[in-house]
Amino acid sequence: MKIGITETILRDANQSLVATRMPLDSFEPILNRMDKAGYYSIECWGGAVFDSCLRYLNEDPWERLKIIRKHMPNSKLQMLLRGQSLLGYRHYSDDVVRKFIFNSVEKGIDIIRIFDALNDIKNIEVAVEETLRCGAEPSCAISYTVSPVHDIDGYLSLAKSMESIGASSICIKDMSGILTPDIAFELISRLKSTVKLPIVLHSHCTTGMAYMSYLKAIEAGVDVIDTAVSSFSGGTSQPATEVMIKVIQDHHNECHVNTQVVKEINEHFSKVKKDFIDSGILDTRVLECIPTTLIDQIPGGMYSNLISQMKNEDILDRFDEVLEEIPQVRKDLGFPPLVTPISQMVGTQSIMNVLTGKRYQTVIKETHNYFLGEYGRPPGKVNEELMIRLVGQKEFANKRLSKEMEPQYKLTKEKYADKNYGRSDLLSLILFPELTREFIKKRDSDNLYLGIYKVKKVEQVESVKKYKKIDVEDKLKAVLIAIMSNYLDKPVSNIDLDEIYVMR
Ligand code: CO
């Protein structure tokens with residue numbers, strides 16, 4: 001049987017090991033080669049990429065996607081989407097969900113892996129429908145967790161519902177790396193006989209379990225596994241691509257990934273990794289095996305987030321108390337899987353509970369909204385007393401609240417009518433209003449005045465792309481090239497400043 005490999009270096013490995021801080025420049029030169037590797041798909045966008053581009057990297061996330069697509073015409077590009085929360089931290093109205101998916105597919109996405117933090121099928125329906133309508137593949141992901149209210153039968157019936165709404169494949173998304181080898185075997189075997197779709201396994205090495213679970217998954221007939229090239233594998237990231245290719249072949253399965261190309265890809269990222277270690281962004285602690293995760297289930301990303309949040313507040317000495325509080329808060333919320341955006345909520349609420357010394361004396365807005373049902377229906381029973389205290393009722397309404405939201409895309413378009421923003425900018429503004437306004441301001445100030453010309457968006461002219469991060473003289477060069485290219489109606493690749501006279 002043929003087993004496919006989804007390479008996660010550009011998204012999940014990047015997110016898990018270096019907090020999604022890889023700028024486009026660091027991997028753009030290797031994209032052409034990656035396109036030749038023969039991966040089943042390349043996960044390159046979504047998750048925290050969008051947020052990180054705007055917040056830390058001064059990059060337009062949509063532009064990044066377009067460039068990746070340009071360099072990889074033959075590969076299936078994959079993104080991770082948080083259902084009705086898209087790439088943000090709350091639910092958005094249906095028109096925003098649809099526009100966002102349309103724009104993502106138009107800019108180059110082939111496969112959208114869609115999950116909901118509560119495994120509430122209502123929260124992924126619109127995204128799945130729109131993905132199909134746009135001609136892309138909706139791969140539906142089960143947020144895997146272990147709790148008194150979760151069992152294999154529950155996951156099987158969830159997979160069935162996913163199949164019925166049009167999923168192209170079913171992914172087991174084990175964000176904390178807590179799926180044990182034997183459960184992996186049982187879950188995948190039973191999924192294979194329950195649905196007619198390809199089964200994908202996504203796990204993390206956090207607890208040291210993932211390699212063994214992948215092996216058992218292969219024995220159970222898994223169709224695709226998620227891996228990362230070895231330099232960015234292990235720890236809170238995925239198992240190594242090179243190792244898994246060998247294991248697949250040893251098991252007499254086919255794997256059509258070119259090991260020579262993977263070697264080159266890995267050599268490139270080894271250098272990138274060294275830079276991250278030198279700058280301190282890659283904290284080698286994330287490469288350790290953390291078996292306590294088997295109990296607290298804290299995913300790698302949440303771990304590093306908690307630490308930095310508590311460092312900022314200068315309360316890191318109370319970290320252990322917070323770790324003990326997390327399972328309690330999770331129980332009060334009806335055992336939601338710890339995945340974005342719920343993991344952030346549980347983390348922050350736990351910090352509050354510890355700091356105030358009294359549980360729920362301070363309740364954060366997100367927890368309040370959770371009890372209002374804004375994130376959907378929790379998997380188990382919530383703390384009734386708390387729910388009554390917060391929202392005055394003990395039952396969740398059996399409806400999807402985002403369905404009743406005002407159409408935010410339309411409203412945002414009207415709000416910025418005088419600015420003439422395109423679809424991508426408007427979507428960024430809806431998801432991250434402040435970050436995007438800052439980003440656009442910076443982008444506009446980079447547009448140069450030259451004589452009577454106001455040259456806009458220099459960086460978007462194809463031939464001057466390589467001058468993106470440049471000094472003043474190069475910038476002037478870039479502007480001139482842009483003008484010349486425009487004037488001559490053909491690309492001009494280089495220019496000698498000494499030969500140029502500018503008429504004012
Ligand atoms: Co992951």
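## Gly135 and helix α7

Right after helix α7 comes Gly135, whose phi is positive, near 85°. Helices here are DSSP runs of H or I with at least four residues, strands are runs of E with at least two, and both are numbered from the N terminus. This is a predicted model, in which local features need pLDDT of at least 70 and side-chain atom pairs count only at pLDDT 80 or more, while totals for chains, interfaces and linings use all residues. Residues are numbered from 1 along each chain as its sequence is written.

Helix α7 covers residues 122-133, which is 12 residues. From its first C-alpha to its last, α7 reaches 18 Å, close to the 16 Å expected at 1.5 Å a residue; the expected span is 1.5 Å times one less than the number of residues. Which residues of α7 are buried? They are Asn123, Ile124, Glu125, Val126, Ala127, Val128, Glu130 and Thr131. A residue is called buried if 20 or more other C-beta atoms lie within 10 Å of its own, exposed if 12 or fewer do, and partly exposed in between, with C-beta atoms placed from the backbone. The buried residues of α7 pack against β3 (77-81), α6 (94-106), β4 (111-115) and β5 (137-143).

## Ile142 in strand β5

Strand β5 is one of the partners of α7, and Ile142 is found in this strand. Ile142 is buried, because 24 other C-beta atoms lie within 10 Å. Setting aside neighbours within four places in sequence, Ile142 is in contact with Asn119, Tyr155, Leu158, Ala159, Ile170, Ile172 and Lys173. Two residues are in contact if their C-beta atoms, placed from the backbone, lie within 7 Å.

## Helices α8 and α9

Tyr155 and Ala159, among the contacts of Ile142, also appear where α8 meets α9. Two packed helices are described by the angle between their axes and the distance between the axes. The axes of α8 (residues 152-164) and α9 (residues 181-194) come within 10 Å and cross at roughly 35°. Axes are lines fitted to C-alpha atoms, for helices over the stretch in contact, and angles run from 0 to 180 degrees between N-to-C directions.

The crossing of α8 and α9 is right-handed: the near helix is turned clockwise from the far one by less than a right angle, whereas an anticlockwise turn would be left-handed. On the α8 side the meeting residues are Ile152, Tyr155, Leu156, Ala159 and Lys160, and on the α9 side they are Glu186, Leu187, Arg190, Leu191 and Thr194. By class, this contact has six nonpolar, one polar and three charged residues. Ala, Val, Leu, Ile, Met, Phe, Trp, Tyr, Cys and Pro count as nonpolar, Asp, Glu, Lys and Arg as charged, and the others, Gly among them, as polar.

## Helix α19 and its two partners

How do α6 and α19 pack? Their axes are 6 Å apart, at an angle of about 80°. The two helices are therefore roughly perpendicular to each other; angles of 65 to 115 degrees count as roughly perpendicular, under 35 as roughly parallel, over 145 as roughly antiparallel and the rest as oblique. Asp95, Val96 and Lys99 in α6 meet Gln408, Tyr409 and Lys410 in α19. This contact has two nonpolar, one polar and three charged residues.

Helix α19 (residues 408-415) also packs with α20 (residues 423-431), at an angle of about 110° and with the axes 10 Å apart. That makes α19 roughly perpendicular to α20. Here Gln408, Tyr409, Thr412 and Lys413 in α19 meet Leu426, Leu429 and Ile430 in α20. By class, the contact has four nonpolar, two polar and one charged residues.

## Helix α1

Now to helix α1, residues 9-18, where 10 of 10 residues are buried. Among them are Ile9, Leu10, Ala13 and Val18. Next after α1 comes Ala19, whose phi is positive, near 50°.

## Residues to look for in the loops

Asp314 sits in the loop between α14 (300-312) and α15, and has a positive phi of about 60° although it is not a glycine. Is Asp314 buried or exposed? Asp314 is exposed, because 7 other C-beta atoms lie within 10 Å. Tyr360, in the loop between α16 and α17 (365-372), also has a positive phi, near 60°. Tyr360 is partly exposed, with 18 other C-beta atoms within 10 Å.

Pro341 is in the loop between α15 (319-332) and α16 (342-356), and the peptide bond from Thr340 to Pro341 is cis, with omega near 0°. Lastly, find His252 in the loop between α11 (241-250) and α12 (259-279). His252 and Met1 are 251 residues apart in sequence and 7.9 Å apart in space, C-alpha to C-alpha.
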